[in-house]
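Here is a short set of exercises to try with the model open in your viewer. Work through each task first, then compare your steps with the solution.

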Amino acid sequence: MLFTTWGVGAIFGSIVALVILASVDVMLIVFAIPPIIGSLYFGIGESSEQFAARRDETVGKRKMEYAKRVFYEKKYASELRLYPISRVLFGLHKDGYMERYEKNKSHQRKIGIYRIIETLLFAGIVTLGSYLYITYRLKVAGSSGSAVAAYIAMITAVGYVVDSVSEAIEYFSKAGKLCMYMNNVKEFMECETEEDIKDAVLPSDNMGEIVFENVSYHYEGSEQMIIQGLNVKVRQGEHIALVGGNGAGKTTLMKLLMGLYPVSGGRILAGGKDISKYEPSAYRDCFGTVFQDFQIFSLPLGENVLMKSPETEQERQLVVDSLKKAQFGEVLAKMPKGIDTYLTKEFEEEGFVCSGGQAQKVAIARVFAKNPDVVILDEPSSALDPIAEYNMYRNMMEASEGKTVFFISHRMSSARMADRVLFLEHGRIVEEGTHDELLGRNGRYAEMFRLQAQNYQDEMGGGLYAE
């Protein structure tokens with residue numbers, strides 16, 4: 001907006017100067033207008049090249065930034081010390097730099113040509129041409145005082161026109177380049193998102209029974225089914241364990257339930273309504289979730305738990321209570337700033353850097369703080385020792401009394417706490433029942449459970465922990 005305002009002012013000044021020139025000698029306009037049009041054209045070309053240069057260097061810039069980030073983030077420190085991966089990262093940084101250099105070299109060459117042409121247009125045609133014409137007119141008209149004074153004024157006006165138009169073109173060129181960036185933002189904002197649901201309804205205070213009716217799902221562009229004709233009913237307040245090997249579809253099923261993915265076939269009902277009929281953000285607000293790839297933010301501990309700034313003493317106490325339920329209480333007691341302690345050292349040297357297990361406890365505390373209708377725990381205990389895992393699940397089950405809970409864990413012993421176990425393979429439920437029932441059937445669940453138990457016993461008795 002500022003560039004455009006200044007540009008308009010410069011253009012207005014140029015027009016006034018051109019009118020004055022025309023009133024003295026209309027032929028001077030011939031020297032000014034064509035170069036102005038040409039300079040506008042080449043100015044737009046220069047802005048387009050500058051924009052293209054920034055766009056084309058994106059990949060190379062990302063490579064450089066990634067290599068630098070790896071060296072200062074603590075989570076990479078062990079691998080950097082133990083392995084010669086730093087050479088590869090230096091190579092990645094160099095590759096990114098060379099990519100940017102090659103892309104910019106091509107664009108800067110074109111930008112240089114545009115600038116040379118613009119300079120020639122003004123210096124060669126406007127300035128030199130008009131000066132030669134004025135000299136000719138002076139010679140023809142003679143050297144009377146009035147003629148000399150008039151043409152000195154014209155020379156001054158020509159110089160003003162050149163400066164004003166150059167300035168205007170520069171401002172409009174910058175404004176045009178900014179418009180190109182704004183078009184990117186506009187395209188991003190106009191990207192297709194969830195369509196507004198006509199007559200969308202808000203979920204009730206109670207989610208109620210959840211029903212999967214012949215649910216199928218495949219990723220867009222792929223025909224491979226991740227979930228295949230799955231049917232199951234989950235009563236309100238039931239605690240469900242989802243078990244099975246990698247790629248069985250456990251996490252995908254939960255993302256379908258939360259409406260993060262649209263089902264490819266069938267439907268999911270919650271509270272007696274198809275979940276596609278609910279207002280999306282209000283529906284998702286009914287869930288408290290800890291996924292495997294949770295994130296810890298470089299913000300105070302309290303904001304990491306509430307996922308917003310605590311505004312009242314009640315909210316601050318809620319953070320403390322939630323952290324204690326998540327078994328983070330002992331760590332919290334040692335923090336000088338309590339829940340105001342920054343996590344990570346990115347902004348404060350005194351910041352607290354969580355271990356993997358501590359970070360998971362913070363993520364679990366988010367669920368306690370939110371107090372949702374449905375709790376989904378996707379491998380929340382992978383960084384916890386068995387005792388901490390047992391205590392976490394016990395606390396979660398006690399806090400979730402009357403709430404529906406889905407939990408995914410590769411430690412199948414945790415399935416003992418579930419009211420029902422769903423064993424998935426290739427996107428289908430192949431076994432269903434309590435832990436004891438499934439062991440009694442001696443099927444796939446029992447086979448996997450005993451194999452896991454045997455491996456643990458071997459490790460404890462004759463391997464890593466042998467005396």
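**Exercise 1.** Find out whether Ser 322 is buried or exposed, and what surrounds it.

*Solution.* Step 1: the relative accessibility of Ser 322 is 2%, so the residue counts as buried. The classes are buried (under 20% relative accessible area), exposed (over 50%) and partly exposed in between, with a 1.4 Å probe and protein chains only. Step 2: place Ser 322 in helix H10, residues 313–325. Helices (H or I, at least four residues) and strands (E, at least two) are DSSP runs, numbered from the N terminus. Step 3: list the contacts, meaning heavy atoms within 4.5 Å. Leaving out residues up to four places away in sequence, Ser 322 touches Val 305, Ala 365, Phe 368 and Ala 369.

Two notes before you go on. This is a predicted model, in which local features need pLDDT of at least 70 and side-chain atom pairs count only at pLDDT 80 or more, while totals for chains, interfaces and linings use all residues. Residues are numbered from 1 along each chain as its sequence is written, and side-chain values use heavy atoms, with hydrogens and water left out.

**Exercise 2.** Which residues have the most contacts inside the largest nonpolar core?

*Solution.* Step 1: build the cores, each a set of buried Ala, Val, Leu, Ile, Met, Phe, Trp, Tyr and Cys residues joined through side-chain atoms within 4.5 Å. Step 2: the largest core has 40 residues, and those with the most contacts inside it are Leu 301, Val 305, Leu 323, Leu 332, Met 396, Phe 407 and Tyr 445. Step 3: helix H12 (residues 356–370) supplies the largest share of this core, 7 residues. Step 4: another core lies apart from it, with 32 residues, including Val 215, Ile 268, Ala 270 and Phe 291. Step 5: take Leu 323 as a sample; beyond its neighbours within four places in sequence, Leu 323 is in contact with Leu 301, Val 305, Phe 328, Gly 329, Leu 332, Ile 339 and Ala 365.

**Exercise 3.** Compare the span of H12 with the expected value, then look at how covered the helix is.

*Solution.* Step 1: the expected span is 1.5 Å times one less than the number of residues. Step 2: H12 has 15 residues, and 21 Å is expected. Step 3: from first C-alpha to last, H12 reaches 22 Å, close to that value. Step 4: 13 of the 15 residues in H12 are buried. Step 5: just after H12 comes Asn 371, with a positive phi near 55 degrees.

**Exercise 4.** With which residues does Glu 238 form salt bridges?

*Solution.* Step 1: recall that side chains of opposite charge can pair when their charged atoms come close. The criterion here is a side-chain nitrogen of Lys or Arg within 4 Å of a carboxyl oxygen of Asp or Glu. Step 2: the whole structure contains 14 such salt bridges. Step 3: Glu 238 pairs with Arg 235, at 3.3 Å between the closest N and O atoms, and with Arg 420, at 2.7 Å. Step 4: Glu 238 sits in the loop between strand E2 (227–234) and strand E3 (239–243) and Arg 420 in strand E9 (residues 420–425), so their pair ties together parts that are 182 residues apart in sequence. Step 5: both Glu 238 and Arg 420 are buried, and Glu 238 has a relative accessible area of 3%.

**Exercise 5.** How far apart in sequence are Glu 425 and Arg 444, and how exposed is each?

*Solution.* Step 1: Glu 425 and Arg 444 form a salt bridge, with the closest N and O atoms 2.7 Å apart. Step 2: Glu 425 is in strand E9 and Arg 444 in helix H15 (residues 444–462), 19 residues apart. Step 3: Glu 425 is partly exposed at 23% relative accessible area, and Arg 444 is partly exposed at 31%. Step 4: for a network, turn to Arg 235, Glu 238, Arg 420 and Glu 432, which are joined by salt bridges that share partners.

**Exercise 6.** Which residues is Ile 429 in contact with, leaving aside neighbours within four places in sequence?

*Solution.* Step 1: locate Ile 429 in strand E10, residues 428–433. Step 2: its contacts are Leu 230, Asn 231, Val 232, Leu 422, Phe 423 and Leu 424. Step 3: Ile 429 is partly exposed, with a relative accessible area of 22%.
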